[in-house]
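Hi,

Here is the structure I promised to pass on. Have a look at it first, then read my notes below.

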Amino acid sequence: MSEVPMTKEQVEALLLKGPFHQWLGLCVEEVGEGTIRIRAKWRPEWVVNAERGYAHGGILATLVDLTADWALVSKTGRGVPTVDLRVDYHRAAMQHDLICVGKVIKFGGQLCVSEAQVQDEEGRLLASGRGVYMIPPKA
């Protein structure tokens with residue numbers, strides 16, 4: 001477990017080791033004790049409906065999952081595997097950066113629960129969800 005609080009720069013460097021996270025255009029804006037705020041820079045490849053121009057729901061689900069997961073980084077020092085995930089969609093994500101806010105609900109010995117919201121730049125709720133994450137022993 002992480003003993004010393006990680007800076008947002010340290011968390012971002014760890015997060016961006018993953019090529020998929022790099023492709024998503026993630027930027028860690030804020031890290032607190034059991035909380036995180038991430039910006040995902042808009043990518044035209046996210047568009048599922050060319051006429052309307054909104055993002056595929058899988059992108060929103062991905063952002064809910066990774067944000068809830070990385071809210072745990074203040075306690076784990078790393079991302080952890082997802083055991084279960086629920087996502088609710090509230091409105092279409094149009095062509096703007098997405099703001100993702102996550103927080104830990106319950107930190108357990110083996111299983112943890114975190115939640116996340118994905119918002120547009122005006123703060124409108126686009127998707128929300130909750131995940132269960134496993135804390136494997138450090139190798």
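A quick word on terms: helices (H or I, at least four residues) and strands (E, at least two) are DSSP runs, numbered from the N terminus. With that in hand, the order of elements from the N terminus is α-α-β-β-β-β-α-α-β-β-β-β. The radius of gyration is 15 Å, close to the 14 Å that the globule rule gives for 139 residues, so the protein is as compact as a globular protein of that length. That radius is taken over C-alpha atoms, and the rule is 2.2 Å times the number of residues to the power 0.38. In total there are four helices and eight strands.

Before you zoom in, note that this is a predicted model, where local features need pLDDT of at least 70 and side-chain atom pairs count only at pLDDT 80 or more, while totals for chains, interfaces and linings use all residues. Residues are numbered from 1 along each chain as its sequence is written, and side-chain values use heavy atoms, with hydrogens and water left out.

**The whole protein**

Along the principal axes, the C-alpha atoms fill a box of roughly 50 × 25 × 25 Å. Buried residues account for 37% of the 139; here buried means under 20% relative accessible area, exposed over 50%, and partly exposed in between (1.4 Å probe, protein chains only). The protein exposes about 7,500 Å², with 52% of that supplied by carbon and sulfur atoms. Those areas come from the Shrake-Rupley method with a 1.4 Å probe, and for residues only the protein chains shown count as cover.

Of the contacts between residues at least 6 apart in sequence, 59% join residues at least 24 apart. Contact means heavy atoms within 4.5 Å.

**Strand 8**

Two residues to click on here are Ser128 and Leu126. Ser128 sits in strand 8, which covers residues 125–134, and is buried at a relative accessible area of 15%. Its side chain makes a polar contact with the side chain of His90 at 2.7 Å. A polar contact is a pair of N or O atoms within 3.5 Å; within protein, one must be able to donate a hydrogen and the other to accept it, and residues adjacent in sequence count only if both atoms are side-chain atoms. Beyond four places away in sequence, the residues that Ser128 touches include Val64, Arg86 and Ala116.

Leu126 belongs to strand 8 too, and is buried at 1% relative accessibility. Its C-alpha atom is 4.7 Å from that of Arg91, though the two are 35 residues apart along the chain. Leaving out neighbours within four places, the contacts of Leu126 include Tyr89, His90, Leu98 and Val118.

**Helices 2 and 3**

Is Trp23 in helix 2 buried, partly exposed or exposed? Trp23, within residues 19–24 of helix 2, is partly exposed, with a relative accessible area of 31%. Setting aside residues up to four places away, Trp23 touches Arg43, Glu45, Trp46 and Ile59. His21 is also in helix 2, but it is buried at 16%. With that same four-place limit, His21 touches Leu15, Leu16, Leu26, Leu66 and Trp70.

Asp69 is in helix 3, residues 57–70, and counts as buried at 9% relative accessibility. Not counting residues up to four places away, Asp69 touches Gly79, Val80 and Tyr133. Asp69 and Gly34 are 10 Å apart, C-alpha to C-alpha, with their positions 35 residues apart in sequence.

Cheers
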